[in-house]
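Welcome! Please take a moment to look over the sequence and the 3D structure, and then we can walk through them together.

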Amino acid sequence: MDETGIREALDRHWAASDTNDFEAEHAIQREDAVLEYPQSGERIRGRRAIQASRAAQPNAKRFTVRRIVGTGDLWVTEFVLSYDGRPSCTVSVMEFRDGQVAREARYFADPFEPGPSRAAWVERMG
């Protein structure tokens, strides 16, 4: 799959994630895909196990993609993942093999108030 095809697959993936379409959301993954959450030390192996773990999430969630960048087999998505209305800035690093995700790592950061020491140089983001 070329880069245009990967980008289109990512767009479909994130749109499906936002609407809780778990079949479409996980169509991007290889059957032997691995998902890692480095901050909690969790690793989930296999497309069906990844899908089941996400379907079991009890919170209402929304995905707002800020940007997608990548080339070749390495793609990064920055997005805001909101659980029950509480936003978390999130980064997904996906490694593709044969046009599907072989490995993904997700990193989460809660929002915080800007530090007063840099206020003179800060432009607030929307």
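## The largest pocket

How many residues line the largest pocket, and which of them lie nearest its centre? The lining is made up of 16 residues, and those nearest the centre are Cys89, Pro111, Phe112, Arg124 and Met125. As you look for them, please keep in mind that this is a predicted model.

The space in this largest pocket comes to about 490 Å³. Its lining residues divide into nine nonpolar, six charged and one polar.

## The protein as a whole

With the first site found, let us step back. The protein has 126 residues, and 38% of them count as buried. Its C-alpha trace spans about 50 × 35 × 25 Å along the principal axes.

The secondary structure consists of three helices and six strands. Reading from the N terminus, you will meet the elements in the order α-α-β-β-α-β-β-β-β. Contacts also reach along the chain: among those between residues at least 6 apart in sequence, 42% join residues at least 24 apart.

## Strand 1 and its neighbours

Strand 1 covers residues 29-37. Is this strand mostly covered or mostly open? It is mostly covered, with seven of its nine residues buried.

Strand 1 pairs with strand 2 and with strand 6. Towards strand 2 the pairing is antiparallel, with four bridges; towards strand 6 it is parallel, over four bridges. Strands 1 and 2 form a hairpin with four residues between them, and in the turn glycine 41 has a positive phi of about 75°.

Glutamate 36 is a handy residue for seeing both pairings. It stands opposite arginine 43 in strand 2, while alanine 105 is the bridge partner of glutamate 36 in strand 6.

## Alanine 105 in strand 6

Now follow that bridge across to alanine 105, which has its place in strand 6. Why does alanine 105 count as buried? Its relative accessibility is 1%, and so it counts as buried, since the cut-off for that label is under 20%.

Leaving aside residues up to four places away in sequence, alanine 105 touches Glu36, Pro38, Val91, Ser92 and Val93. Another residue to find from here is glutamate 95, ten residues apart from alanine 105 along the chain, with 8.9 Å separating the two C-alpha atoms.

## Glutamate 25 in helix 2

Next, look at helix 2, residues 22-26, where glutamate 25 lies. Is glutamate 25 buried or exposed? Glutamate 25 is buried, because its relative accessible area is 0%.

What does the side chain of glutamate 25 meet there? A polar contact of 3.0 Å joins it to the side chain of serine 17. Not counting residues up to four places away in sequence, glutamate 25 touches Ser17 along with His13, Ala16 and Arg54.

## The second largest pocket

Arg54 also leads to the last stop on this tour, as one of the residues that line the second largest pocket. The lining also includes Tyr37, Glu42, Ile44, Tyr83 and Phe108. About 200 Å³ of space lies in this pocket.

Which elements each supply at least two residues of this lining? They are helix 3 (47-55), strand 2 (42-45), strand 3 (61-71), strand 4 (74-83) and strand 6 (100-109). By type, the lining residues divide into six nonpolar, four charged and two polar.

Methods:
Residues numbered from 1 in each chain as written. Predicted model: local features only at pLDDT ≥ 70, side-chain atom pairs only at ≥ 80, totals over all residues. Heavy atoms only, no water. 1 Å grid on protein atoms, 1.4 Å probe; cavity = no way out; pocket = protein on both sides within 12 Å on 5 of 7 lines; lining within 4 Å. Points joined across faces, edges and corners; volume = space filled by probe spheres on them. Nonpolar A, V, L, I, M, F, W, Y, C, P; charged D, E, K, R; others polar. Buried < 20%, exposed > 50% of the residue type's maximum accessible area, 1.4 Å probe, protein only. Polar contact = N/O pair within 3.5 Å; in protein donor to acceptor, adjacent residues only side chain to side chain. Contact = heavy atoms within 4.5 Å. Pairing = 2+ DSSP bridges.
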